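I wanted to go through the salt bridges in this one and check how accessible the partners are. My notes follow.

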Amino acid sequence: MMELAETLRLLDIGEVPVATPTGRLVGARGLLLESVGCKLHTGQRCRVETVDGGWLDAQVVGFRDKVSYLMPFKKAEGLATGARVLPAPPARGPLIGPEWLGRMVNGLGEPIDGLGRLGGDTQLAMTPPHVNPLRKHPVDQPLDVGVRAINGMLTLGRGQRVGLMAGSGVGKSVLLGLITRQTVADVIVVGLIGERNREVREFVERSLGTEGLKRAVLVVAPADESPLMRVRATELCHAVAAHYRDRGQHVLMLVDSLTRYAMALREVALSLGEPPATRGYPPSVFSTLPQLVESAGNGEGEAGSMSAIYTVLAEGDDQQDPVVDTARAILDGHIVLSRELAERGHYPAIDVAASISRCMAQVVAPAHAEAARKLKASMARHARVRDLIPLGAYVAGADPETDRAVNLHPKIEAFLCQGTREAAPLAQCVQQLEVLMA
């Protein structure tokens with residue numbers, strides 16, 4: 001027995017590391033910190049010593065020769081040349097479970113709502129999982145978002161990914177709040193990425209409300225956070241939504257906004273010296289966006305669903321903006337908000353003619369699809385003579401179809417408008433649409 005105990009003691013001693021690998025900080029330029037003297041790999045977490053004896057969390061984002069480039073998660077203050085850089089142990093995601101509902105976290109999964117620690121029974125991966133495309137459950141069930149213009153004309157399906165595209169000040173956030181309150185889903189995961197600090201509390205109190213918050217998880221990284229934190233928050237948002245999806249729940253994920261995520265990627269890439277390409281965006285941004293978006297959608301087999309709505313900021317109302325154009329190509333549809341409609345007091349300012357849901361045909365009945373087609377055709381006919389009507393240049397009787405479109409236009413406008421507190425269930429919307437276009 002004594003020999004066995006001595007052997008075990010020697011084994012324990014042998015497992016104790018004889019040295020701790022330590023690097024040294026040799027530079028701090030803009031968003032990047034430069035470290036030498038320690039072998040680090042990309043994606044690895046590190047801790048950098050500050051002058052007051054504290055530690056700053058950072059992540060390895062690149063290297064050149066013997067220099068490793070780090071980017072801090074928070075504002076880099078109190079750093080000095082020669083500071084110690086310690087590689088952190090492999091990052092383990094937080095524990096997640098039903099206790100996350102009604103809570104607000106940052107990009108690292110840390111609670112920021114002052115309601116104490118988060119509980120859970122499952123280790124959460126910090127990066128979104130990818131599902132084999134051949135095993136994904138198809139989009140074959142409609143998603144009721146409670147917005148008449150979308151339910152009737154741009155019907156979404158469970159597991160669909162769609163972009164909400166508009167310039168600034170056209171009502172994206174208000175529409176997002178309406179969708180959040182009205183959508184039929186078990187869990188709602190909201191990512192507020194790169195937005196103003198003021199909007200975070202307003203979204204919780206005005207858009208979500210007490211009842212909406214009970215079934216929601218908010219991942220927040222405002223505009224004053226580091227670009228790395230904004231990137232991590234967006235990816236964590238997808239990981240949280242995928243967790244609930246894979247446990248058989250129907251999840252709606254809202255990300256506001258995908259453009260801010262692309263801008264954060266741009267800041268990281270430009271700091272590393274990657275050359276800008278399209279409007280200042282490096283090529284790596286446009287290869288990363290599809291990887292993120294493809295992690296959304298339905299899971300394997302009979303698992304739950306994960307529908308995703310991304311807001312996309314069209315700078316200067318330019319629908320050919322590179323991020324807008326990329327999002328339009330990789331998503332399953334896009335909803336365009338028109339500044340002209342907003343200025344006319346038409347809410348929500350959805351430009352039905354410029355929007356499309358690529359999964360609508362798979363989730364609606366033929367009668368519903370035909371009624372939506374007739375309404376679009378009627379709007380197109382009215383648009384041809386809209387400028388002539390105020391001038392008195394339009395003469396009724398020349399074309400019966402155009403006359404009918406002109407007479408129907410006020411009713412169509414009323415159908416597509418909706419108050420911010422008005423509910424519009426899917427079945428009711430379909431019935432109203434079919435009666436209108438009968």
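I looked up Arg 245 and found a buried residue, with a relative accessible area of 0%. Keep in mind that this is a predicted model. The side chain of Arg 245 meets that of Asp 246 in a salt bridge, 3.0 Å from N to O. Asp 246 comes out as partly exposed, at 40% relative accessibility.

Next I asked what Glu 195 pairs with. The partner is Arg 260, and the closest N and O atoms are 4.0 Å apart. I checked where the two sit, and the pair links distant parts of the chain, 65 residues apart. Glu 195 lies in the loop between β13 (187-193) and α4 (197-213), while Arg 260 belongs to helix α6 (residues 258-271).

Is each partner buried or partly exposed? I get 11% relative accessible area for Glu 195, which counts as buried because it falls under the 20% cut-off. Arg 260 has 25%, so I put it down as partly exposed.

Then I turned to Arg 29, whose side chain forms a salt bridge with that of Glu 34, at 2.8 Å from N to O. I noted Glu 34 as buried, its relative accessible area being 15%.

I also picked up a network of salt bridges that links Arg 161, Glu 294 and Asp 332.

Last, I wanted the total: how many salt bridges does a search of the whole structure find? I wrote down 18.

Key:
Residues numbered from 1 in each chain as written. Predicted model: local features only at pLDDT ≥ 70, side-chain atom pairs only at ≥ 80, totals over all residues. Heavy atoms only, no water. Buried < 20%, exposed > 50% of the residue type's maximum accessible area, 1.4 Å probe, protein only. Helix = DSSP H or I, 4+ residues; strand = E, 2+ residues; numbered from the N terminus.
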